[in-house]
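Student: Could you take me through one part of this structure up close? I would like one connected explanation that I can follow in the 3D view.

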Amino acid sequence: MKWGVLATGSIANDFTLALKNTQEAVLYAVASRSQESADAFGDKHGFQHKYPTYDALLADAEVEIVYVATPHTWHCELILQCLEAGKHVLCEKPMCCSGSQAQRCIDKAAEKKLFLMEGMWTRFFPATRAIRKAIADGEIGPIVSMTASFGFKGEDDFNARLYKPELAGGALFDVGIYPAMFISMVLGTPQKVSAHAKMTAEGVDAQTFVTFEYEKAMAQLQCGFTACLANEVVITGETGIIRVHKPMHCPESYTITTRQGERIDPLLLGATTITHCQPLDPPHPTMAPGYNFLGSQGFTYEAAAVQEAIAQGLMEHPEMPLSETLAMARVFDDIRSQIGLRYPWDEEEEQ
């Protein structure tokens, strides 16, 4: 499948490196805002074509699917342009900055009968898929609670975008989406959310805690860039516990603790605990050579899944459905309203 990549930043680099290790993937075209940048990136990675504008790439009839790797401020506009040009789209998460933006993109994909997916790559890791199967098989019984966190200590010179409302900054969209979507994957859309945050002087959230309420379960999300959090997920069922080890956004290992037999064991003192490890390829305890972010070699799982879905004629992937993207975008609207996280375009969208 012939891939086009929009943007040439750090995440585009990591996805492209992983794409090289994905069967049937062709590094066909890359586009940037200048020919110089497109040439440098394209030559580094071996793209066949390098374009100085996004429009030029979208005009190339040979491009089959586009990976949108820009900051999420521009995701909605670019997704719509890609779909209008007849391209399938994989957009880096978060796909959009509001529920209304997500709805527009989903409607356009349906109109054009093209594939669209939010790039929640965590879904396609072997460990994540194994965890979903364990839950579906009832290994820990009905789920009653979850906790999920992702946070890091942001230094003063680390990623200035995080502090800028005009670039959809803040912890919620940057790292909070990972625990939020892990909770959603297991429990679905919450019936109610209660959110609290510590805000920066610029008006974005530096730390956010959210409680998700369901009919028979509760979950808590923690995210931020004020300190390194546990960066784990704990899924508690009536008869066992699954602990997804750090880093939860690109998991390589998890532990399942299960009650043995029908003997009463309220504290699981007699339970069996087994740790499962599914290392990335190539395995690396920190950043793999050439990558900018931890675990990015795992992008290949997502890319392969997208290609398989398109080959089957699907317009969305069942493991990351558009209905969930839309539902959680609306949940994020609710969270933002509660914590006072406003972006410059909010007023226009509300009219």
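**A helix and two cavities**

Tutor: Happy to! Let's begin inside: the lining of the second largest cavity is made up of six nonpolar, three polar and one charged residues. Keep in mind as you look that this is a predicted model. The residues around this space are M120, T122, R123, T128, Y178, M181, F182, M185, M248 and H249, and its volume is about 60 Å³. Helix α7 gives the largest share of that lining, four residues, and α7 is the part I'd like you to look at closely.

You'll find α7 at residues 171-187. Its 17 residues reach 22 Å from the first C-alpha to the last, close to the 24 Å expected. Follow the helix along and you'll meet a kink of about 50° at I177, shortly before the proline P179. Just after the helix comes G188, with a positive phi near 90°. Because 16 of the 17 residues of α7 are buried, the helix is largely enclosed by the rest of the structure.

Now back to the empty spaces. Searching the whole structure turns up two cavities of 30 Å³ or more. The largest holds about 90 Å³ of space, and I177, where α7 has its kink, is one of its lining residues. F173 and M181 also line this largest cavity, and M181 lines the second largest one too. Both α7 and α9 (322-339) supply at least two residues to the lining of the largest cavity, though the largest share, four residues, comes from α9. By class, that lining has 10 nonpolar, one polar and one charged residues.

Terms used. Residues are numbered from 1 along each chain as its sequence is written. This is a predicted model: local features need pLDDT of at least 70, side-chain atom pairs count only at pLDDT 80 or more; totals for chains, interfaces and linings use all residues. Side-chain values use heavy atoms; hydrogens and water are left out. The expected span of a helix is 1.5 Å times one less than its number of residues. The bend at a residue is the angle between axes fitted to the seven residues ending there and the seven starting there. Buried means under 20% relative accessible area, exposed over 50%, partly exposed in between (1.4 Å probe, protein chains only). On a 1 Å grid over the protein atoms alone, a cavity is a set of points where a 1.4 Å probe fits but cannot get out, and a pocket is an open set with protein on both sides within 12 Å along at least five of seven lines; lining residues have an atom within 4 Å of a point. Grid points are joined across faces, edges and corners, and a volume is the space filled by probe spheres set on the points. Ala, Val, Leu, Ile, Met, Phe, Trp, Tyr, Cys and Pro count as nonpolar, Asp, Glu, Lys and Arg as charged, and the others, Gly among them, as polar.
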